[in-house]
Amino acid sequence: MKLKYRIIFFLIGLAGMGIMLWQSDFSTTDWDKLLSPKTLLFFAGLLELWMVIYIVHVICYFVILGKDGKKIPVLSMFKICFSGFALNSVTPAGLVGGEPYRIMALKKYCSTEKASSSTLTFSLFYIVGHVTIWFTGAVVYFALGMPGDTIIDVILIITAVGTAAFLFAFFISKRRGLVRPFMSFLSKLPFLKKFMKKVYDKNLETYVHIDDNIKAFRSTRARFWTVFALQYLSRVLECVEYFLIFLYLGQTINIFGGILILTMASLIGNLMFIIPMQAGSREGGMAMALAFLGIESGYGVQGGLIYRVRDFMCILIGISLIMFDKKKVRKNMFSKDDENAEENNVTLQGKQSPPPLSKPDDLE
C-alpha cells in the first residue's frame with residue numbers, strides 16, 4: 001500500500017481514538033489499582049487471548065482466499081487483520097474503516113477483484129458470527145430462566161426471533177442470495193420504502209456482487225463450514241475474556257454467563273453503531289446482563305473499564321501497525337526464471353560470441 005494511503009488510514013485511526021478518549025469518563029478511575037503490576041500482568045494475559053482470536057480470523061481469511069492466500073506472508077495477513085479491526089473499532093458504523101484498508105492492503109498480493117471479494121466474504125461471515133452468538137445468548141437466557149425484567153425480556157425475544165430468521169435465510173439462500181433479497185424486502189416496507197428504495201437502487205450492483213461471491217464460496221462446502229465454525233469459535237473466545245475479567249474481580253461466572261454478557265454488550269453496542277468504539281452503549285448492555293446474573297453494578301463498572309483499556313491497547317497496536325509495510329525484496333515484474341535468464345544473458349554478453357550464421361537468400 002502506498003505511503004499516502006497508510007498515512008490517511010493512520011490519521012483516521014488517531015482521530016477515532018481521540019473521539020473515544022474525549023467521550024470516556026475517567027473521573028472515578030482508580031489509576032493506582034489499574035496500573036499495579038498485578039493488573040498489568042492480567043492485561044498482558046488478555047492481550048495474549050486476543051492474539052489467539054486474531055489468529056483465528058487470519059486462518060479464516062486464508063481459507064477464504066484459497067490458493068491466493070499462499071502468496072501472502074502470515075505476518076502480513078496478521079497485520080492486515082489486526083489493523084482492519086482497529087480501524088473498525090474507532091470509525092462510525094463499524095465496517096467503514098477497516099474493510100477499505102484490508103482491500104487496499106491485499107491488492108499488493110492478489111488482484112483487486114480477489115481482494116474485494118475475499119474481504120466482502122470475510123465481513124459477511126464476521127456478521128454471521130455475531131448473529132450466531134446473539135442467538136446463542138438468547139437461548140442461554142431462556143434456558144437459565146427469564147427473571148421478569150421487561151426490557152431484557154423484550155430485547156432478547158426480538159433478538160431470538162430476528163437472529164433465527166437471519167440464520168435460516170443465510171443457510172438456505174443458495175440460489176437467490178441473501179443481501180439483495182433482504183435489501184429489496186426493506187425497500188418495500190411502508191415507513192422505510194422511500195429511503196431504502198434509494199439505497200437499494202444505488203447499491204444494487206454491490207449487493208449482487210456480494211451474493212455472487214457467497215454463492216460461489218458456498219459451492220466449496222468444506223471451506224464454507226470451516227469459516228463459519230472458526231468465526232463462531234472466535235466469539236466463544238471473546239466470551240472467555242468476560243469470564244476472566246470477572247474472575248479477576250472476584251466474581252465467578254461460567255461460560256454461559258460470559259456468553260450472555262457478550263450478547264448484551266455486543267447487541268446494545270451494535271444498535272448504537274454510529275458511536276466510535278461503542279462508547280457507553282456496550283457498558284449499558286453489560287449492566288443489563290450483570291443484573292440478571294446477580295452481580296453488583298460496581299463490578300460492571302470495573303469490568304467495563306478493564307475491557308476498555310484492553311480494547312484501547314489493541315487499537316493502539318493495530319493503528320501503529322498501519323505505518324509498517326515490509327517492502328518486497330525483488331520486483332514483481334520478474335520471476336526467478338526471468339532473473340536467471342537475464343543474468344545468463346549478461347554473462348554471455350561479456351564473452352565473445354560466434355559469428356552469426358548467414359541466412360539463405362530466400363529468407364532475407
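# Working through an all-helix listing

Of the 364 residues in the chain, 44% are buried (buried means under 20% relative accessible area, exposed over 50% and partly exposed in between, with a 1.4 Å probe and protein chains only). You're looking at a predicted model, where local features need pLDDT of at least 70, side-chain atom pairs count only at pLDDT 80 or more, and totals for chains, interfaces and linings use all residues. Residues are numbered from 1 along each chain as its sequence is written, and side-chain values use heavy atoms, with hydrogens and water left out.

## Exercise 1: the whole chain

Task: work out how many helices and strands the chain has, and what share of its contacts join residues at least 24 apart.

Step 1. Count the elements: there are 14 helices and 0 strands. Both are DSSP runs numbered from the N terminus, helices being H or I with at least four residues and strands E with at least two.

Step 2. Read along the sequence and you get α-α-α-α-α-α-α-α-α-α-α-α-α-α.

Step 3. Now the contacts, meaning heavy atoms within 4.5 Å. Take those between residues at least 6 apart in sequence: 72% of them join residues at least 24 apart.

## Exercise 2: α3 against α4

Task: check the span of each helix, then describe how α3 and α4 cross.

Step 1. Start with α3, whose 29 residues reach 42 Å from first C-alpha to last, close to the 42 Å expected at 1.5 Å a residue. The expected span is 1.5 Å times one less than the number of residues. Right behind α3 sits Gly66, with a positive phi near 65°.

Step 2. Helix α4 (residues 74-90) has 17 residues and reaches 25 Å, close to the expected 24 Å. Since 14 of those 17 residues are buried, α4 is largely enclosed by the rest of the structure.

Step 3. Two packed helices are described by the angle between their axes and the distance between the axes. Here the axes of α3 (residues 37-65) and α4 come within 9 Å and cross at roughly 110°. Axes are lines fitted to C-alpha atoms, for helices over the stretch in contact, with angles from 0 to 180 degrees between N-to-C directions.

Step 4. That makes α3 roughly perpendicular to α4 (under 35 degrees is roughly parallel, over 145 roughly antiparallel, 65 to 115 roughly perpendicular and the rest oblique). The crossing is right-handed, meaning that the near helix is turned clockwise from the far one by less than a right angle, with anticlockwise being left-handed.

Step 5. Who touches whom? On the α3 side, the residues include Met51, Tyr54 and Phe62, and they meet an α4 group that includes Met77, Phe78 and Phe85. By class, this contact has 13 nonpolar, 1 polar and no charged residues. For the classes, Ala, Val, Leu, Ile, Met, Phe, Trp, Tyr, Cys and Pro count as nonpolar, Asp, Glu, Lys and Arg as charged, and the others, Gly among them, as polar.

## Exercise 3: α6 against α10

Task: do the crossing analysis for α6 and α10.

Step 1. The axes of α6 (residues 112-144) and α10 (residues 221-248) come within 9 Å and cross at roughly 55°, so the two helices are oblique to each other.

Step 2. α6 passes α10 in a right-handed crossing. By class, their contact has 10 nonpolar, 5 polar and 1 charged residues.

Step 3. For α10 itself, 28 residues should span 40 Å, and its end C-alpha atoms are 41 Å apart, which agrees. Just after α10, Gly250 takes a positive phi of about 90°.

## Exercise 4: two methionines and a leucine

Task: find whether Met286 is buried or exposed, then do Met288 and Leu321.

Step 1. Met286 lies in helix α12 (residues 281-293) and, at 2% relative accessibility, is buried. Beyond its neighbours within four places in sequence, its contacts include Tyr242, Phe246 and Ile261.

Step 2. Met288 is also in α12, but is partly exposed at 25%. Leaving aside neighbours within four places, Met288 touches Ile151, Ile152, Ile155 and Met264.

Step 3. Leu321, in helix α13 (residues 297-321), is partly exposed at 23%. Its C-alpha is 8.6 Å from that of Ile80, though the two are 241 residues apart along the chain. Outside the four-place window, Leu321 is in contact with Lys79, Phe82 and Ser83.
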